[in-house]
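Let's walk through this one together, from the overall picture down to a few single residues. Have the viewer open and follow along.

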Amino acid sequence: MKKWMIAAGTLGLLVSAGCANNESGENGAGGNEESSSGSSEENTEESQEDPENGSEETTDANKNDGQTEPGEAPPETSEEGDLKNPSAIDALINREYHLPADYEPENLVIPDVAFPFEGDLQKKYMREEAAAQLESMFAEAEEEEIELSAVSGYRSYDRQASIFAANAEEDGEEEANKYSARAGESEHQSGLAMDVSASSVGYSLTTELGDTEEGKWLEENAHEYGFVVRYPEDKTEITGYQYEPWHVRYVGEDLAEKLHENDLVMEEYYRENK
Ligand SMILES: [Zn+2]
């Protein structure tokens, strides 16, 4: 598997979001069934103010310059950076905002879409809501004669940890950091992310996908199904991740639409507004 070193020289800290599939020994799906207790305390459903209606100025939320949209406050975390509401569909997950080690999404299912391999593998799974939307998106693509293929979805905390450990052993921790995410910092643990590729690039996770008609279709249409291409080429310094035209993240239709319309990534949307 390729490792993404392209931008390492110029951009220093950029790493890939841990999509790298250099995992050996696939094993069965789902992982262990730990009942995650108490994860659903109180959904902090912020009332969504109508962004079109610019007349009502809210106090501190609008202080940031240069933003066209009022964003949400960043999600609440523990001191260690673990998200307090890790199951939120719109959860911000990155090196700063982590999924807790014991977080396992509920309702993981295998979406009925094309995969370039057989078997009941953990990486085929997604959360049910995201899986249904992925199916709709792939179906519409097919209608337009765009053949997409799902390559890698859910990945448990433990699996991510062992992948990172294996990579670190092989290349050293510093190198591994450039292309592999640490456990808790990968969106794949949420069950809301899927790496998507196409036969035209040999089903690989390559930036070349962005130049194919499949990659372009994805970029233009994913938001209609509640997905965002999470690490765009022109936002690498904001996301801290290299360009990944293959990695789509389900955030729900409303947020996906907002991000797409305003050309924002989640880090910008959840900008610090303390
Ligand atoms: Zn990915």
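Half of the protein is tucked away: of its 274 residues, 50% count as buried, where buried means under 20% relative accessible area, exposed means over 50%, and partly exposed is in between (1.4 Å probe, protein chains only). Keep in mind that this is a predicted model, so local features need pLDDT of at least 70 and side-chain atom pairs count only at pLDDT 80 or more, while totals for chains, interfaces and linings use all residues. Residues are numbered from 1 along each chain as its sequence is written, and side-chain values use heavy atoms, with hydrogens and water left out.

On the outside, the protein exposes about 13800 Å², with carbon and sulfur atoms supplying 42% of it; these areas come from the Shrake-Rupley method with a 1.4 Å probe, and for residues only the protein chains shown count as cover. As for secondary structure, there are eight helices and six strands, taken as DSSP runs numbered from the N terminus (helices are H or I with at least four residues, strands are E with at least two). Reading from the N terminus, the order is α-β-β-α-β-α-α-β-α-β-α-β-α-α. Among contacts (heavy atoms within 4.5 Å) between residues at least 6 apart in sequence, 71% join residues at least 24 apart.

Now to the second largest pocket, which has a volume of about 400 Å³. Of its 21 lining residues, E219, V229, P232, H260 and D263 are the closest to the centre. The elements giving two or more residues to this lining are α5 (213–221), β5 (227–231) and α7 (253–262), and β5 gives the most, with four. By type, the lining splits into twelve nonpolar, three polar and six charged residues. Here Ala, Val, Leu, Ile, Met, Phe, Trp, Tyr, Cys and Pro are nonpolar, Asp, Glu, Lys and Arg are charged, and the others, Gly among them, are polar. A pocket, on a 1 Å grid over the protein atoms alone, is an open set of points where a 1.4 Å probe fits, with protein on both sides within 12 Å along at least five of seven lines; lining residues have an atom within 4 Å of a point. Grid points are joined across faces, edges and corners, and the volume is the space filled by probe spheres set on the points.

D263 deserves a second look. It sits in the loop between α7 and α8 (266–269), and D263 counts as partly exposed because its relative accessibility is 45%. Its phi is near 55°, a positive value in a residue other than glycine. Most residues other than glycine have a negative phi.

Back in helix α7 you'll find L255, which counts as buried because its relative accessibility is 8%. Leaving aside neighbours within four places in sequence, L255 is in contact with D90, M266, Y269 and Y270. The C-alpha atoms of L255 and M266 are 9.2 Å apart, with the two residues eleven apart along the chain.

Finally, go to I146, in the loop between α2 (128–143) and β3. Is I146 buried or exposed? I146 is buried, because its relative accessible area is 6%. Beyond its neighbours within four places in sequence, I146 is in contact with A141, E213, E214 and W217. The C-alpha atoms of I146 and L218 are separated by 9.5 Å, although these residues are 72 apart along the chain.
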